[in-house]
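Visitor: I am new to this structure. Please show it to me, and then let us talk it through.

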Amino acid sequence: MTIPTSDFLRTLTERGFIHQSTDLGGLDAAMSGGPVAAYIGFDATADSLHTGHLVQIMALRWLQRAGHKPIVLIGGGTTQIGDPSFRDTSRPLLGDEQIARNVEGLKRAFSRYLAFGDGPTDAVMVNNAAWLDPLRFLPFLRDFGTHFTVNRMLGFDSVRQRLEREQPLTLLEFNYMVLQAFDFLELSRRHGAVLQMGGSDQWGNIVNGIDLARRTDGRQLFGLTTPLLTTSSGAKMGKTARGAVWLNAERLSPYEFWQFWRNTEDDDVARFLRLFTELPMDEVRRLGRLQGAGLNEAKEALATEATRLAHGGEAAATAAATARRTFADGETGEGLPSILVAPDEFGDGVPVATLLHRAGLVASRGEGRRLIKGGGARLNGETVADEGALAALADLKAGSLTLSAGRKRHAVVRIA
């Protein structure tokens, strides 16, 4: 592939962001001629984004750094339907109040990564409810329905796979791709957007928008998708046994966020440094070449840089220092995640497996017992040998005790 001339596409190519593009040469020419407005859509299904969204968020960040204008499209309207792409079941339908609360949470997450304002390259946040809520059904079908054929819509993988599995696809969900195409058209009209980006599962929706704008307005628009990431072991990016790895601090502490990245599998470190940090590529390549014990330096750099972007430099430094004290010096860092337990709960003792589960170090009490059986659980730094071991008030030191799952994951139990 020819190396792009525009800073943005050259950066995305070098760092591994590009999966597909409708016309990379034409987009490169447009981006070399001045600021370009581009957008990515995010439905408001939760009050925080998680690390599974980070590839798209970083793409918008690099877009702004290259002198272009990011548009964050919040799906206040489409969230009422839910994107059916590659899902086996329908999403739960959310009410207006919950969607509004979720939108506020998303704004906080994006403010860490993008500079919002009124300037030509400042990011803007737009809610598609502004044009979808007022739509009248029959006029919309008349004006835009003729540009979509059911034959073509059935051919998209996101729809075809659902039908092949004989899983229901409601008429409401089937209309999602039409509304997303309409979003692209509206953003091109209202904000001059010429590029839509998204994960590779959004390819069909993006192409529909480009086709609709060409048919209705004669506009030339572009699409670009990023790869859907899994870890080297096949796990979905952004998911752990404990659930999603959230970006908002009220959902997940900066320390736990730092730990997620510090625990990256060895084979993923170099790739994640390219995608999730802003370290210069020479430094990324140097860190990516480290082997053995040297990988710890690369993992700590990844964890600190990713946490700095999500939570700020001070939080990242504090998380790294807490980890250093815990791992190297055996101390109980103040930044460790903690749970509160009432004194009367201890009674005759609380099963260590139960505390491991409540602290979020394991997914279930059964997993806690298996961890103990395998020698991977520690209480106050001492290995727990008995699956039925109990933690007693006598184990508390200054009103707290430390739990560990393996060498890298720790939590504190405090008296309520």
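Visitor: What is the relative accessibility of R215?
Guide: This is a predicted model, in which local features need pLDDT of at least 70 and side-chain atom pairs pLDDT 80 or more, while totals for chains, interfaces and linings use all residues. Residues are numbered from 1 along each chain as its sequence is written, and side-chain values use heavy atoms, without hydrogens and water. Buried means under 20% relative accessible area, exposed over 50%, and partly exposed in between (1.4 Å probe, protein chains only). R215 counts as partly exposed, and its relative accessibility is 46%.

Visitor: Which residue forms a salt bridge with D211?
Guide: A salt bridge needs a side-chain nitrogen of Lys or Arg within 4 Å of a carboxyl oxygen of Asp or Glu. D211 is buried, at 13% relative accessibility. The closest N and O atoms are 2.8 Å apart. The partner of D211 is R215.

Visitor: Why are D211 and R215 separated by about one helical turn?
Guide: Helices here are DSSP runs of H or I with at least four residues, and strands are runs of E with at least two, numbered from the N terminus. Both residues sit in helix α11, residues 203-217. They are about one helical turn apart because their spacing along α11 is four residues.

Visitor: How many residues apart are E300 and R262?
Guide: The side chains of E300 and R262 meet in a salt bridge, 4.0 Å from N to O. E300 lies in helix α15 (residues 295-311) and R262 in helix α12 (residues 254-262). The pair links distant parts of the chain, and its separation is 38 residues.

Visitor: Is R262 buried or exposed?
Guide: Its partner E300 is partly exposed, with a relative accessible area of 33%. R262 has a relative accessibility of 8%. So R262 counts as buried.

Visitor: Which helix holds E297, the partner of R286?
Guide: R286 and E297 meet through their side chains in a salt bridge, 2.7 Å from N to O. R286 is in helix α14, residues 281-288. E297 follows eleven residues away, in helix α15.

Visitor: How many salt bridges does the structure hold?
Guide: Some are joined up: R61, R65, E278, E305 and R308 are linked in a network of salt bridges. For the structure, the count is 21.

Visitor: Which helix gives the largest share of the largest nonpolar core?
Guide: A nonpolar core is a set of buried Ala, Val, Leu, Ile, Met, Phe, Trp, Tyr and Cys residues joined through side-chain atoms within 4.5 Å. The largest has 68 residues, and F8, F110, Y113, L195, M197, W261 and F276 touch the most other members. Eight residues of this core, its largest share, come from helix α3 (residues 54-65).

Visitor: How many residues are in the other core, with F140 and V159?
Guide: This core lies apart from the largest one. L187 and L221 are also among its members. Its size is 29 residues.

Visitor: What is the order of the six strands in the open sheet?
Guide: Two strands pair if DSSP finds at least two bridges between them. The pairing in this sheet is mixed. Its edge strands, β1 (20-21) and β4 (124-127), each pair on one side only. The order is β1-β6-β5-β2-β3-β4.

Visitor: Which residue in β5 stands opposite A38?
Guide: Strand β2 (residues 37-43) and strand β5 (residues 193-199) pair in the parallel sense over three bridges. Opposite A38 stands L195.

Visitor: How many residues of strand β3 are buried?
Guide: Both faces of β3 are covered, with K69, I71, L73 and G75 on one side and P70, V72 and I74 on the other. Strand β3 (residues 69-75) is largely enclosed by the rest of the structure, because its buried residues number seven of the seven.

Visitor: How many bridges join β2 to β3?
Guide: The two strands run parallel. D43 stands opposite G75 in β3. The number of bridges joining β2 to β3 is seven.

Visitor: Which strands stand at the edges of the five-strand sheet?
Guide: This open sheet has the order β9-β15-β14-β11-β12, with mixed pairing. Each edge strand has a single partner, so one side of each is left without a neighbour in the sheet. These strands are β9 (338-341) and β12 (382-383).
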